[in-house]
Structures are given as C-alpha cells and as structure tokens.
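Here is a short tour for anyone who likes to see the cut-offs next to the claims. Have a look at the model first, and then we can walk through it together.

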Amino acid sequence: MAIELLKNAGMDLPSNMAILSARKLVHGGILYELSNLESAAWLSIPGNRSNFLEQFGAEVIIKDHMYHLIIENIPVSFNPTSPVATSEIERKGGLQPKSVIKARYIKPVARRNPNQRTTHIALSLNSKTSANQILQHGITIEGKKVYGCKLLPKPTRCLKCHTFDRGHIAAECQQEHDTCGMCGEKHCTVECKIDNAAAYHCVNCKSNGHAAWSRECLTFKVKWETHKNRNDEAQYIYFPTEDLLTWEMSRHTQADIDINHHQQQTYPAKQ
Ligand SMILES: [Zn+2]
Ligand SMILES: [Zn+2]
Ligand SMILES: [Zn+2]
C-alpha cells in the first residue's frame, strides 16, 4: 500500500520495488523489509529519501540495516565517539567512506581495570561487504591489527521477572512484583542485601550460586542454543552475499566465547 501511495504521488520508483514483510517491533515501530538491493540503494539517495519521507509524514524515520561486529583487544586509547577515529578505521581498512555507522565499548569505561591496556568494541557497519572484509582480514585500529566476529543478538531477558520466555521487556511485564535477579525473592535487584555470590538463587534454573543473568546458567545456555539455531545469522561466519565464500558455516565456538565473555550483565553488582 505504501508503494502504491508513492507511485500515485508521481515518484519514479525502481520497477520491482516491493515491501517483502512488515514486522511490529517491541518498542512500537514497524520494520519494513524491502524486496531487493536496488530498492535499498534507491532509498539511500538523499533526494529519494526526503521525497519518500514526505509521503509518510513526520513520524517516520529511516534506519539503515546495520551489520554488527565485536572487535577484540583494541588499545584503550581508541575513542569510539570520534568521527576522526572511525574514518581512520575506514581508511586503513580500505572500506568505503562512511561505512562505519557506530562504534562503542562493550564494557562501560567506569568498570575498567586501572591497568587495562586493551578492550573490546562493538562496530556497526552499513554493508555486508565491509563487515565481511573485517571478519576475513581483520583491521588496524590505533596502530594494532585486530580481529573480530559477528555480534549476535542474545535472548531477551526481562529485568523485572528475569524470564527469557515471551520476549518482553520490564515495561511490558505482566508480573505485579519485582523479582530479584540475585536472590530470587520479591524485591527489586538493586535493593538486594545479599553480597555473596554463593548465596545467589537463580529464578530461571532454580539453583543456587549464580544470578539470573549468569552465562553459566543452564536455562540461559539452553535458550542461547535454541536462539542461535533459529537465528540464520549465527549459522555463518560471514554475512552471506552473492559471493559463495561468504556462505562458510560457523561452528559457533568463537561467538560463544565472545558472548559469554563480553556480553555480561551491566546491572550494578552489589559490592
Ligand atoms: Zn517480565
Ligand atoms: Zn535479592
Ligand atoms: Zn540459573
């Protein structure tokens, strides 16, 4: 229907432009998937983009698809918010200008060890080709050759009831009370008086000795396996394109290590 609207408005669209799917997102947005690369390329031209937005009204924004990587052991001198630093990555890596959309530290700077010299970042790229190039050849950041792997989405856990099921967030949680992620009792996690990990009780697997967000939790491990098996991205080392080499299957090992190691709970742990 949206496409019809644009055609009626006299816009010159790619002949085979169509919307393949529309999916409602948790936070209220709608994600439209376009039929082909040609349509996406058409929409990336600023003039076409502004005409497109005019037809839809002010509340519509276009977000390009991003390809996320974890890059390991970056010198801490790297400034992820500096445009100079990200364009340096593009230049040194032989990537297209503006192909790095965003870089961020995985672990908050405040939680860094004072002697820490390197850290890991998440890097978001605007094309599969750029992301694959880094996956295959590594990249130089702050004068150091570094390597990465895909940053895969992890199963969603509600911060109020801690379940991984039903894919909801705390704001949509049906449970009336808060469940503590550390001891499993009926209070908010930040109010927990327990300061000893051995006394933690996980509400997901009902065992003691770890918090609800622990990557060692058996329930989490089962969820993570199922999640990966359902997630096409996790099946391949690269982001598959027309190039057959990018269809190499992944054995998950690297991604598992990275997810377990780096995507730890950012909830403030009790001291
Ligand atoms: Zn919940
Ligand atoms: Zn508690
Ligand atoms: Zn558990």
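In what order do the four strands of the open sheet come, and with what pairing? The order is β4-β5-β3-β8, and the pairing is antiparallel. Strands here are DSSP runs of E with at least two residues, helices are runs of H or I with at least four, and both are numbered from the N terminus. Two strands pair if DSSP finds at least two bridges between them. At the edges sit β4 (100-105) and β8, each of which pairs on one side only. On average, neighbouring strands of this sheet are turned by 25 degrees against each other, direction ignored. Such angles come from axes fitted as lines to C-alpha atoms (for helices over the stretch in contact) and run from 0 to 180 degrees between N-to-C directions.

Before going on, a word on the ground rules. This is a predicted model, where local features need pLDDT of at least 70 and side-chain atom pairs count only at pLDDT 80 or more, while totals for chains, interfaces and linings use all residues. Residues are numbered from 1 along each chain as its sequence is written, and chains are lettered from A and ligands numbered from 1 in the order in which they are written.

The protein chain as a whole holds eight helices and eight strands. Of its 271 residues, 21% count as buried, meaning that 20 or more other C-beta atoms lie within 10 Å of a residue's own; exposed means 12 or fewer, partly exposed is in between, and C-beta atoms are placed from the backbone.

Back in the sheet, β5 pairs with β3 over seven bridges in the antiparallel sense, and five bridges join β4 to β5, also antiparallel. Some residues that stand opposite each other are these:

| Residue | Partner in β5 |
|---|---|
| I70 | A122 |
| P75 | T118 |
| K102 | S124 |

The side chains of β5 alternate: T119, I121, L123 and L125 point to one face and are buried, whereas T118, H120, A122 and S124 point to the other and are not. L123 touches L69, I71, V100 and A103, leaving out residues up to four places away in sequence; a contact needs C-beta atoms, placed from the backbone, within 7 Å.

Helix α5 (residues 128-137) lies across β3, β5 and β8 and runs at about 35 degrees to β3. Its buried residues are S130, A131, N132, I134 and L135, and their cover includes β3 (67-75), α4 (83-93) and β6 (139-141). Just after the helix, G138 takes a positive phi of about 75 degrees.

Where do the nonpolar residues gather? The largest nonpolar core has 21 residues, and L69, I71, L123, A131, L135 and I141 have the most contacts inside it. A core of this kind is a set of buried Ala, Val, Leu, Ile, Met, Phe, Trp, Tyr and Cys residues joined through C-beta atoms within 7 Å. At least two residues each come from β3, β4, β5, α5 and β6, and β3 gives the most, with five. A second, separate core of eleven residues includes M182, C202, A211 and A212.

Finally, V146 lies in strand β7 (residues 144-146). Why does V146 count as partly exposed? Because V146 has 19 C-beta neighbours inside 10 Å. Its C-alpha atom is 6.8 Å from that of I71, 75 residues apart along the chain.

How values were computed: Contact = placed C-beta atoms within 7 Å.
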